[in-house]
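User: Could you walk me through this complex, starting with how the contacts are defined?
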There are 2 protein chains.
Amino acid sequence: MEIAPDTYSELTSSIAAEYESLSRQLKKFGRFALDNSDTLALETVTTVAEKADVQPSTIVRFAKAFGFDGFSDMQQVFRTRLVENNSSYRERIHSLQNDEGRDGVASVLDNFTHTGIESLEQLKLNTPVAKLNQAVEILKNARHVHLLGHRRASAVIHYLHYALSQLDISCMLADGASGMLQHQMNRVGPEDAVLAVSFTPYTPVVAEMVALQSEKGHKIVSITDSPLSPLASRSTVSFEIQDGRDQAFRTLVAPICLAQCLVVGIGQLLENEQTS
Amino acid sequence: MEIAPDTYSELTSSIAAEYESLSRQLKKFGRFALDNSDTLALETVTTVAEKADVQPSTIVRFAKAFGFDGFSDMQQVFRTRLVENNSSYRERIHSLQNDEGRDGVASVLDNFTHTGIESLEQLKLNTPVAKLNQAVEILKNARHVHLLGHRRASAVIHYLHYALSQLDISCMLADGASGMLQHQMNRVGPEDAVLAVSFTPYTPVVAEMVALQSEKGHKIVSITDSPLSPLASRSTVSFEIQDGRDQAFRTLVAPICLAQCLVVGIGQLLENEQTS
DNA sequence: CTAAAAATAGAAAAAACAGTTCATTTCTCT
DNA sequence: AGAGAAATGAACTGTTTTTTCTATTTTTAG
């Protein structure tokens, strides 16, 4: 490496490109640097070294390996980034929320991050803790958890399938693959729980299944988008995530976040039981 | 002044409040400090002194007048501002995190909504529009889009599968169901594109598949979490979503949002073509 | 207008720091 | 398995940086 990168993105590219040719400690620090650019920008070598759990000399060697004079020289790159990042943020605030001047795919990004943030704020404000506790309790105690959701909701279901399995909770996708939905749902027993997810326009078959399971008296936790949803009235606990604005900006961000909360909530409960 | 402000906004208020009672040089520097917070955060006393056209000792006296130990102590306030401003942490924290005393599943909700918001802000700030355009272009022009992702990433893949299908884009899940991954990937042709999603710890088989497809010269768009990811180097376009903090709070919120941006970006392009 | 008090500038002392050197460990190739 | 090479860790050194101190200037009050 002869010539030092002079922008942050050049530096990350360089690190990524030469990563494999680096030695053990240099790799370790490279990873740290990419994940902690703020620290690199502000702290002293000694402090950075402590946080990255390497020797200060390693950091200087790292810097030299990428063509810098030393740590301070490299640090400039991280500092510049911090300032520029920051000023671009201010500019966006300045041009209000509609982000004038950004169009095409850039405005799409702005819009979705913005509505995503809004919907997370709504999620936090509108989700009753009692419901969360109830749902977590039901799911934790279930012999099997059956995951029901089609179309948009299938993303949420698949996340739950993965995450619950990690917690050693027995769960099965009722995704209707190969036309087996009926069979999959017939296996729900009285000690099981159904976790159903569905948004407008509610897939009829999902609504039917929920109704059926409800009649059988099975426990149902549902994530949906309105108290008027066919899922809401039939469920033991239902979370209604208001999507707010128009259909064009309906986002899965809040449902995914809620799903994650449920999983971690269960995880905590299980931990507590183990330690006690 | 007895107690030092510990946030930037507190400091500005203090300066404003006591401005009139300050001496000539202290006023001069106070004004400079308010107008050049970046300089204050990054440069040394000597440098700041030169730029502000005062003596270093003046700056130290200024700092002490506002209750700090000295320059370094005061500088911390400017530095934390630089970092926190980046995620507009301060503003959001007021609306979100005031809920101390919430514990159990309530604090889980608070934490995840909070980190979700942070990661969406990071997404918006750190996603180069050029990459977005490039990715959208590739996916739109592909004969078939092959969706590759396991474990946590499968949620993203399933969302994409649903959403791209809605746009009448031919896409196929390469989810490795029934051990068919190899076959599924063999069907990728030169006019196709692969959309791969993977996060730490990268599923080896996914990384292998991406490497293989890359060698064949096929177009690959990837969503991952670090420039050092095995996906990043092998892809035509790769989005690296910094997860920031510790594993416990890794969230799918940003990847899902990005996926949605890609889909809508493609949708817009298709619309424009129809109308023209 | 003068004297005392406050503020300021410059320099010198103290502290912190980056970068280097060298002994030790780890890796690699024969 | 052993010798040589490369990488690593720790202490050390020369600088830079911060802070304190003092002489000088400016301001204020009698």
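Analyst: A polar contact is a pair of N or O atoms within 3.5 Å; within protein, one must be able to donate a hydrogen and the other to accept it, and residues adjacent in sequence count only if both atoms are side-chain atoms. Between chain B and chain A, seven residue pairs are in polar contact, both residues being at pLDDT 80 or more. This is a predicted model, in which local features need pLDDT of at least 70 and side-chain atom pairs count only at pLDDT 80 or more, while totals for chains, interfaces and linings use all residues. Residues are numbered from 1 along each chain as its sequence is written, and side-chain values use heavy atoms, with hydrogens and water left out.

User: Which residues form the salt bridge across the interface?
Analyst: Asp110(B) pairs with Lys124(A), the closest N and O atoms being 3.7 Å apart (the rule asks for a side-chain nitrogen of Lys or Arg within 4 Å of a carboxyl oxygen of Asp or Glu).

User: And how much area do chain B and chain A bury?
Analyst: They bury about 5,700 Å² between them, 67% of it on carbon and sulfur atoms, where buried area is the accessible area (1.4 Å probe) that two parts lose on being put together, summed over both. In chain B, Val105(B), Lys124(B) and Leu228(B) lose the most area to chain A, together 13% of what that side buries.

User: Switching to DNA strand D, what does Lys64(B) reach there?
Analyst: A polar side-chain atom of Lys64(B) lies 2.3 Å from a phosphate oxygen of DNA strand D, and a polar backbone atom of Val45(B) is 2.7 Å from a phosphate oxygen of that strand.

User: What about a base?
Analyst: Ser57(A) places a polar side-chain atom 3.4 Å from a base nitrogen of DNA strand D.

Key
Chains are lettered from A and ligands numbered from 1 in the order in which they are written.
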